[in-house]
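Reader: I have a model to go through with you. Can we start from the basics and then pick out sites?

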Amino acid sequence: MRRIIVAILSLFFCVSAHAASIISDTEIESVIGELIAPITAAANIPHANIRIVDDDNFNAFAMGGTDIYIYTGLLTRVRTPNALRAVVAHELGHTIGGHMAQMSARMETEMKRTMIIQALGVGLMLAGGNPSLGAGALVGASGIARQSMLSFSRDEERVADNMGFDLMVRAGYNPNGFIDVFNQMNDMTAVIESKINPNAINHPLTSERLKNMREKLATGDIKNKKFKSDDAGTVRRYDMVRAKLVGYLDTDSRIKTLYPNSDKSDAAIYARAIANMRFGNLNGAAVGTRTLIARNPKNPYFYELLGDLEYRFGHYDDAIAAYTRATELRPNSPMVDVAHALVLVERRADGDISRAIELCKRAILHDESPIAYWVLARAYGSDDGRADWAMAEYYRMQNKPDKSREYARRAKSRLKPDSPEYIKSDDILKTTK
Ligand SMILES: [Zn+2]
């Protein structure tokens with residue numbers, strides 16, 4: 001019985017014990033950020049950071065006031081933007097309710113300390129030096145997170161649901177997004193929950209939360225209120241994000257179930273093209289990618305995919321042309337800059353190295369990531385002390401302080417004391433231990 005209860009609680013509320021990492025992807029972050037911006041604004045958190053956790057659990061949580069963690073397992077299952085908003089509104093309800101006040105500082109420190117940032121696309125495919133897929137890192141954090149998540153009581157969950165409901169209304173979105181989410185949770189847990197005596201656990205059953213939300217939705221001023229609805233473009237962008245995640249992270253069989261060959265939508269073609277690339281069917285991936293580009297010549301992320309694919313084929317010139325086009329269509333795409341830089345470093349034509357350094361620096365300025373430092377180190381080359389500094393930053397971000405300090409020391413021994421990289425290396429030595 002205990003095991004069953006724990007299984008239920010783990011849905012939506014707790015961080016799983018197995019390893020996870022944070023996915024850094026320009027398309028996913030910008031689309032999700034745009035979708036939930038009205039909710040974070042209604043909660044007076046205008047600059048929320050969205051972090052996508054690579055973990056198949058149906059889960060999300062807010063931490064430290066501005067950080068919102070959303071699991072890929074939730075994103076791939078929550079089908080509408082409004083249901084996603086409801087999830088985020090609920091989590092912000094915990095923040096506003098002060099439910100995590102005691103735990104959050106410690107949790108956040110621990111979480112950030114053990115966070116691994118992973119890139120999709122080229123970041124996932126880098127063999128050999130594979131910089132980002134450290135994994136295994138969140139284990140420590142999860143233990144703490146789990147304790148805290150589980151400590152939400154029945155009352156706290158109800159308060160968070162009610163506050164989330166109000167946030168949705170204040171943002172102008174229909175709080176019936178909650179119904180979608182709870183129905184989904186019910187599908188996953190109904191059989192187990194039916195066997196539980198609700199009084200035996202200090203946690204609300206999904207059916208109870210569903211009933212509460214239905215009652216609130218039935219009140220006069222909500223029933224008669226006019227809410228915003230998502231336009232076709234918004235729904236489409238969210239579908240593409242979900243397809244991308246499934247294509248990059250899911251098993252072959254789940255990809256085939258969710259996006260069968262008979263499905264000719266852009267989302268399905270996107271998921272299958274990515275999966276084909278992942279599983280080595282480059283020609284299949286190329287056909288899909290070209291179809292997507294023919295249908296949507298202004299979508300920067302399809303050119304990003306084309307660049308990744310051409311790189312895999314070994315067609316460096318075509319890869320660079322594709323990344324250049326992606327950047328024209330959407331400036332400020334740090335992950336595209338890094339992938340672009342990587343191909344330049346491999347091609348090494350005149351001017352490629354200096355351009356690669358420029359792109360990495362721009363990416364880091366916008367959103368630092370381990371892979372950006374890793375590519376930067378390769379661009380500088382092993383004869384250059386600045387490469388040691390870049391590797392020190394890379395290991396700092398990978399939460400490997402010993403390695404980071406080792407490289408920082410080496411950088412200092414090889415660089416001029418007034419150079420920026422010397423000073424930054426010195427900072428690493430002063431701030432890590
Ligand atoms: Zn909750």
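Author: What follows goes through a metal site, some ring contacts and two loops. This is a predicted model, in which local features need pLDDT of at least 70, side-chain atom pairs count only at pLDDT 80 or more, and totals for chains, interfaces and linings use all residues. Residues are numbered from 1 along each chain as its sequence is written, and side-chain values use heavy atoms, with hydrogens and water left out.

Reader: Ok. Which atoms coordinate the zinc ion?

Author: His 90 (NE2), His 94 (NE2) and Glu 157, the latter listed twice through OE, coordinate the zinc ion at 2.0 to 2.8 Å. Donors here are N, O and S atoms within 2.8 Å of the metal (3.2 Å for Na, K and Ca); water is not among the atoms, so sites may look incomplete.

Reader: What spacing do the donors follow along the chain?

Author: The spacing is H-x3-H-x62-E. His 90 is in helix H4 and Glu 157 is in helix H8 (residues 154–171), 67 residues apart, so this pair links distant parts of the chain. Helices (H or I, at least four residues) and strands (E, at least two) are DSSP runs, numbered from the N terminus.

Reader: And what is the geometry of the zinc site?

Author: Irregular, with angles of 50 to 139° among the 4 donor atoms. Four donors count as tetrahedral if all angles lie between 85 and 135 degrees; four count as square planar and six as octahedral if opposite donors are over 155 degrees apart and all others between 65 and 115; anything else is irregular.

Reader: His 90, buried or exposed?

Author: His 90 is buried, at 0% relative accessibility. Glu 157 is buried too, with a relative accessible area of 0%. Buried means under 20% relative accessible area, exposed over 50%, partly exposed in between (1.4 Å probe, protein chains only).

Reader: How many residues of H4 are buried?

Author: In H4, 14 of the 16 residues are buried. The helix covers residues 81–96 and reaches 22 Å from its first C-alpha to its last, close to the 22 Å expected. The expected span is 1.5 Å times one less than the number of residues. Just after H4, Gly 98 has a positive phi of about 70°.

Reader: Switching to rings. How many aromatic pairs are there?

Author: The count is 8 aromatic pairs. Rings of Phe, Tyr and Trp (its six-membered ring) pair if their centres lie within 6.5 Å; planes under 30 degrees apart count as stacked, over 60 as edge-to-face and the rest as tilted.

Reader: Why is the pair of Tyr 311 and Tyr 316 stacked?

Author: Because the planes are at 25°, with the centres 6.0 Å apart. Tyr 311 is buried at 13% relative accessibility, while Tyr 316 is partly exposed at 24%.

Reader: What about Tyr 373 and Trp 389?

Author: That pair is edge-to-face, 6.0 Å centre to centre with 90° between the planes. Tyr 373 lies in helix H20 (residues 370–380) and Trp 389 in helix H21 (residues 385–397), 16 residues apart in sequence.

Reader: Where is Ser 419?

Author: Ser 419 lies in the loop between helix H22 (401–414) and helix H23 (420–431), and is buried at 13%.

Reader: And His 47, buried or exposed?

Author: His 47 is exposed, at 67% relative accessibility. His 47 is in the loop between helix H2 (26–42) and strand E2 (49–54).
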